[in-house]
Amino acid sequence: MFSWMGRQAGGRERAGGADAVQTVTGGLRSLYQRKVLPLEEAYRFHEFHSPALEDADFDNKPMILLVGQYSTGKTTFIRYLLEQDFPGMRIGPEPTTDSFIAVMYGESEGSTPGNALVVDPKKPFRKLSRFGNAFLNRFMCSQLPNQVLKSISIIDSPGILSGEKQRISRGYDFCQVLQWFAERVDRIILLFDAHKLDISDEFSEAIKAFRGQDDKIRVVLNKADQVDTQQLMRVYGALMWSLGKVINTPEVLRVYIGSFWAQPLQNTDNRRLFEAEAQDLFRDIQSLPQKAAVRKLNDLIKRARLAKVHAYIISYLKKEMPSVFGKENKKRELISRLPEIYIQLQREYQISAGDFPEVKTMQEQLENYDFTKFHSLKPKLIEAVDNMLGSKIASLMNLISQEETSMPTQLVQGGAFDGTSEGPFNQGYGEGAKEGADEEEWVVAKDKPVYDELFYTLSPINGKITGVNAKKEMVTSKLPNSVLGKIWKLADCDCDGMLDDEEFALAKHLIRIKLDGYELPSSLPSHLVPPSHRKSLQKAD
């Protein structure tokens with residue numbers, strides 16, 4: 001393990017788990033500054049692709065970027081998570097949010113305008129200054145003392161409109177700004193309204209700006225309570241078809257369906273579905289602090305690979321330029337031949353086609369440069385990045401794994417995340433195997449008379465039925481043998497290979513739980529243990 005890791009690890013042992021994230025952060029910063037940054041500077045990477053990373057980019061909390069057309073509920077979604085208003089918040093059926101708002105933690109409530117925000121070294125927004133005053137006048141940071149924001153920050157984006165007029169009137173490159181954020185955030189949430197699935201041209205361009213960040217994208221189909229079940233199926237299918245035309249990935253995007261605001265549901269038919277989907281989305285968001293180090297490492301690897309490919313492209317163009325005459329003609333020829341050059345470099349250096357920047361964008365950018373001022377290939381800079389990708393990254397991954405096991409689980413807390421974590425309204429409470437947990441009477445007893453009638457038709461001997469006879473009844477459920485085997489194991493409390501009337505009733509209850517779509521418990525909960533077997537199990541314990 002290399003030297004900086006030893007120093008950082010020693011500090012961690014003395015200071016405890018609180019310094020764990022700083023250990024990884026320091027390692028990532030050191031790798032970037034020593035290995036990747038020199039290569040980027042040598043070949044003008046920052047002018048073509050992305051500005052240099054600063055300390056705040058490594059130190060900042062996980063960020064979530066919300067993107068969607070106007071009136072899809074982006075700002076309402078943030079308020080739903082925080083359970084309070086934030087400075088600069090405006091909600092309405094018409095386009096209301098016309099700015100990028102970074103919602104972050106602060107000891108006191110207030111807001112900071114864009115021009116002041118991009119000169120603050122503690123905030124990861126300094127490089128946004130390149131988008132000029134037209135953007136900075138529509139960018140602000142909203143700070144408030146909210147528990148949720150202690151773990152994550154949320155970026156609210158302007159509602160996307162359709163039509164060329166809106167695109168021009170922004171005064172800045174909207175898609176470029178989105179791409180800048182996409183490279184630095186941990187999650188990109190695309191919001192859709194169940195009543196408004198059309199993807200406008202600008203929204204389509206915005207989604208394409210997330211190229212290479214597909215692993216960060218999640219989709220939320222909001223306001224789903226405003227349609228009935230049959231309509232919801234059609235809306236979901238239409239959404240997947242529309243997204244398939246815009247996002248070219250072989251994997252199906254994860255879509256969360258629900259109504260993400262604190263108002264009564266208009267249609268309660270799918271309440272259970274909405275609750276399950278909300279919990280899945282919450283779990284995904286809550287895990288972000290724990291996965292922040294891995295995400296930053298992953299982004300650094302992607303950046304290093306792109307920087308390496310960029311160096312090969314720039315140095316090749318430099319090598320092909322004539323020393324005296326015909327420079328302009330050669331430049332035009334090389335730009336037009338860029339797709340062929342990509343293929344040649346792929347073969348020569350064994351590089352995947354997916355690591356290359358988009359041809360059209362690169363051609364447009366190269367028009368503005370003098371190729372003779374580019375640098376020739378510097379093998380030592382390439383070797384430094386290769387060495388980082390080949391060995392240093394593996395060591396850092398081991399360090400991250402060690403720290404994840406030694407640190408307590410970091411989860412987002414507060415706001416809506418606490419609303420369903422405790423009490424009778426957490427997911428599954430009082431349902432499935434958890435039904436009857438709060439009741440004094442055995443929950444199976446209410447249906448036992450029906451089960452007893454079946455039991456006595458199965459020829460019990462000395463008050464018990466054999467496994468063969470029990471199987472005849474259990475297989476009528478049409479559940480697979482693997483599931484029925486687990487049910488048998490849970491129901492046969494005394495492990496004698498036979499079932500008495502209470503054990504049989506329990507087996508039928510567990511079958512019903514599974515047929516209702518719930519999961520079986522890994523071990524039998526105490527409230528499901530038949531009354532006559534409770535004392536014997538307590539003695540065994």
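Okay, let's start with one residue: phenylalanine 135 is buried, at a relative accessible area of 0%. Buried here means under 20% relative accessible area, exposed means over 50%, and partly exposed is in between, using a 1.4 Å probe and protein chains only. Before going on, a word on the model: it is predicted, so to speak about local features we need pLDDT of at least 70, side-chain atom pairs count only at pLDDT 80 or more, and totals for chains, interfaces and linings use all residues. Residues are numbered from 1 along each chain as its sequence is written, and side-chain values use heavy atoms, with hydrogens and water left out.

Back to phenylalanine 135. Its partner is phenylalanine 131, which counts as buried at 12% relative accessibility. The structure holds 23 aromatic pairs. In this one, the ring centres are 5.9 Å apart and the planes sit at 65°, so the pair is edge-to-face. For the cut-offs: rings of Phe, Tyr and Trp (its six-membered ring) pair if their centres lie within 6.5 Å, with planes under 30 degrees apart called stacked, over 60 edge-to-face, and the rest tilted. Ring pairs also tie both residues into a cluster, together with Phe100, Phe125, Phe139, Tyr172, Phe174, Trp180 and Phe181.

Trp180 has something else going on: arginine 184 lies over its face, 4.1 Å from the ring centre. Elsewhere, the charged end of arginine 254 sits over the ring of tyrosine 256, 4.2 Å from its centre. To count, NZ of Lys or CZ of Arg has to be within 6 Å of the ring centre and within 35 degrees of the ring normal.

Now let's zoom out. The protein chain has 541 residues, and 49% of them count as buried. It has 23 helices and 10 strands; these are DSSP runs numbered from the N terminus, helices being H or I with at least four residues and strands E with at least two. The chain exposes about 26500 Å², with carbon and sulfur atoms supplying 49% of that; the areas come from the Shrake-Rupley method with a 1.4 Å probe, and for residues only the protein chains shown count as cover. As for contacts (heavy atoms within 4.5 Å), take those between residues at least 6 apart in sequence: 78% of them join residues at least 24 apart.

So which residues have the most contacts inside the largest nonpolar core? They are Phe100, Phe125, Phe181, Leu190 and Leu221, in a core of 49 residues. Helix H9, residues 174–184, gives the most to this core, with 6 residues. A nonpolar core, by the way, is a set of buried Ala, Val, Leu, Ile, Met, Phe, Trp, Tyr and Cys residues joined through side-chain atoms within 4.5 Å. Phenylalanine 181 touches Leu65, Phe100, Phe125, Leu128, Phe139 and Ile155, leaving out residues up to four places away in sequence. Apart from that core lies another, of 48 residues, including Leu31, Phe48, Leu381 and Leu399.

Next stop, isoleucine 64, in strand E1 (residues 63–68). Is it buried or exposed? Buried, at 2% relative accessibility. Its C-alpha atom is 7.2 Å from that of isoleucine 189, although the two are 125 residues apart along the chain. Beyond its neighbours within four places in sequence, the contacts of isoleucine 64 include Ile152, Ile154, Arg187, Ile285 and Leu288.

Over to the helices further along. In H21, residues 481–491, the buried ones are Val483, Leu484, Ile487, Leu490 and Ala491. Seen down the axis, they fall within an arc of 120°, so they line one face of the helix; the arc is that of the directions from the helix axis to the C-beta atoms. On the other side, Asn481, Ser482 and Lys489 are exposed. What do the buried residues of H21 pack against? Helix H20 (467–474), strand E10 (498–500) and helix H22 (501–515).

H20 has its own buried residues: Asn469, Ala470, Glu473 and Met474. Their arc is 135°, so they too line one face of the helix, while Val468, Lys471 and Lys472 on the other side are exposed.

Last, two loop residues. Arginine 44, between helix H2 (20–42) and helix H3 (45–48), has a positive phi near 55° without being a glycine. Glutamate 83, between helix H5 (74–82) and strand E2 (100–105), also has a positive phi, about 60°. Arginine 44 is partly exposed at 26% relative accessibility, and glutamate 83 is partly exposed at 48%.
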